[in-house]
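Dear colleague,

Please find below the structure I am handing over to you, with its sequence. My account of what was found in it follows directly after.

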Amino acid sequence: MKISSKDVVYSFSAQHKPAAKVGCGIKVDIETYDCFCNQLRSEKDSFDKLDWDRINPATGPIWVEGAQPGDVLKVTSHKIALSDYGTSIAGQDMGILGSMLSGTQTKIIPIREDGADFGNGRIFPLRKMIGVIGVAPKDSSINTGTPGRHGGNMDNTMVGEGANLYFNVETEGALFALGDVHAVMGDGEIGVSGLEIPATVTVSFELIKHANVEFPMLENEASWSVIASEPSVDQAVQSATETMYRFLKPQLDLTDHEIVILMSLVGNLQICQVVDPLKTVRFVVPKS
Ligand code: CA
Ligand code: ZN
């Protein structure tokens, strides 16, 4: 099954008409525009001419058959197929270092067999990831540039091939959407852009009936993590860490103090992004 990038939304909302209905266990190829809706596909395409109504498109939404409020939706990202080249930008007043720049620059970066070609022999490994991924919230509409408990623009470098994400289903059918694929991005996304690239993402869904996650969770071969977005990094740190504690407690035969010691010794608190309307961090615990 394939869902074309003609079906895009700019918000996560229960009001959107589904682009498709998909059952559990079926692999779906989701075509995505880059986060600029492919408006900057040449170095001559200036950031200043960008149509801001077409930023962060997410393909979908997908109605997952059987999904009911009170369930948890598990999404597995099987494969991320990239287009030939991506776009990155930096500019005045954008991101953490925007005060050090004047004007903007659009940089086109080709994808080679061995990585992303920055020019002058600088080729670095790909770190393919999905920036925007989530479900419709219950009573509100959240634009696709903002992260939250519904997922959204979390810009988490761990959301790559092989990652499983867990979201609370808030509305019938879940209304899942994704977009904003990056060929590579550093943790933090300090300049406001990753290597933004059109892609095709293959996912499948499972439902965990009558379950609950406080924040989106991610599971891969090696680890579990909680992904928390809050108005400040400090608040996100607190939410991610507390949520992981509550996740671990019923599973471990340890005192409360031992859980905190364990988390302090082997848990990794990491930045996802610090440039979106809410800031996102993850608390990662190795399965071992
Ligand atoms: Ca993003
Ligand atoms: Zn992006």
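Asp155 counts as buried in this predicted model, because its relative accessibility is 1% and the cut-off for burial is under 20%. Its place is in the loop between β15 (151-153) and β16 (164-168). Although buried, Asp155 has no salt bridge; Arg282, the nearest side chain of opposite charge, is 10 Å away. Leaving out residues up to four places away in sequence, Asp155 touches Met129, Gly131, Asp180, His182, Met185, Glu189, Cys272, Gln273 and Asp276.

What does Asp155 coordinate, as one of the protein donors? It is the calcium ion (ligand 1), to which Asp155 is listed twice as a donor through OD. The other protein donors of this ion are Asn153 (OD1) and Asp180 (OD), and the donors lie 2.2 to 2.5 Å from the calcium ion. Along the sequence, the donor residues are spaced N-x1-D-x24-D. Asn153 also counts as buried, because its relative accessibility is 3%.

The second metal site adjoins this one through a shared residue. Asp180 bridges the calcium ion (ligand 1) and the zinc ion (ligand 2), and the two ions lie 3.4 Å apart. The protein donors of the zinc ion are Asp180 (OD), His182 (NE2) and Glu196, the last listed twice through OE. These donors lie 1.8 to 2.6 Å from the zinc ion.

Why is the arrangement around the zinc ion (ligand 2) irregular? The 4 donor atoms subtend angles of 55 to 146°, whereas a tetrahedral site would need all angles to lie between 85 and 135 degrees. The spacing of the zinc donors along the chain is D-x1-H-x13-E. Within this set, His182 and Glu196 link distant parts of the chain, 14 residues apart: His182 belongs to strand β17 (residues 176-182), and Glu196 to the loop between β17 and β18 (199-208). His182 is buried, at 0% relative accessibility, and Glu196 is buried as well, at 1%.

The loop between β17 and β18 also holds Ile190. With a relative accessible area of 42%, Ile190 is partly exposed. The C-alpha atoms of Ile190 and Ile96 are separated by 5.4 Å, while the two residues are 94 residues apart along the chain. Apart from neighbours within four places in sequence, Ile190 is in contact with Gly95, Ile96, Leu97 and Val275.

I turn next to the nonpolar interior. The largest nonpolar core has 40 residues, of which Ile62, Leu73, Ile133, Phe176 and Phe205 touch the most other members. Strand β18 gives the largest share of this core, with 4 residues. Phe176 has contacts with Ile30, Thr59, Gly60, Pro61, Ile62, Leu73, Val75, Ile133, Gly134, Val135, Phe167 and Phe205, again without residues up to four places away in sequence. Another core, of 16 residues, lies apart from it; among its members are Ala240, Leu248, Ile259 and Val285.

The last topic is the salt bridges, of which a search of the whole structure finds 11. One of them joins Lys2 and Glu31, with the closest N and O atoms 3.7 Å apart. This pair links distant parts of the chain, since Lys2 is in strand β1 (residues 2-3) and Glu31 is in strand β5 (residues 28-32), 29 residues apart. Lys2 is exposed, with a relative accessible area of 53%, and Glu31 is partly exposed, with 25%.

Lys74 and Glu206 form a salt bridge at 3.9 Å, N to O. Lys74 is in strand β7 (residues 72-82) and Glu206 in strand β18, so this pair ties together parts that are 132 residues apart in sequence. Lys74 counts as buried, at 16% relative accessibility, whereas Glu206 is partly exposed, at 41%.

Glu214 and Arg246 form a further salt bridge, and their closest N and O atoms are 2.8 Å apart. Here the loop between β18 and β19 (217-219), which holds Glu214, is linked with helix α1 (residues 233-248), which holds Arg246; the two residues are 32 residues apart. Both count as partly exposed, Glu214 at 29% relative accessibility and Arg246 at 42%. Finally, a network of salt bridges links Arg127, Asp187 and Arg282.

With kind regards

Terms used: Residues are numbered from 1 along each chain as its sequence is written. Chains are lettered from A and ligands numbered from 1 in the order in which they are written. This is a predicted model: local features need pLDDT of at least 70, side-chain atom pairs count only at pLDDT 80 or more; totals for chains, interfaces and linings use all residues. Side-chain values use heavy atoms; hydrogens and water are left out. Buried means under 20% relative accessible area, exposed over 50%, partly exposed in between (1.4 Å probe, protein chains only). Lys and Arg count as positive and Asp and Glu as negative; His and the chain ends are not counted. A salt bridge is a side-chain nitrogen of Lys or Arg within 4 Å of a carboxyl oxygen of Asp or Glu. Contact means heavy atoms within 4.5 Å. Donors are N, O and S atoms within 2.8 Å of the metal (3.2 Å for Na, K and Ca); water is not among the atoms, so sites may look incomplete. Four donors count as tetrahedral if all angles lie between 85 and 135 degrees; four count as square planar and six as octahedral if opposite donors are over 155 degrees apart and all others between 65 and 115; anything else is irregular. A nonpolar core is a set of buried Ala, Val, Leu, Ile, Met, Phe, Trp, Tyr and Cys residues joined through side-chain atoms within 4.5 Å.
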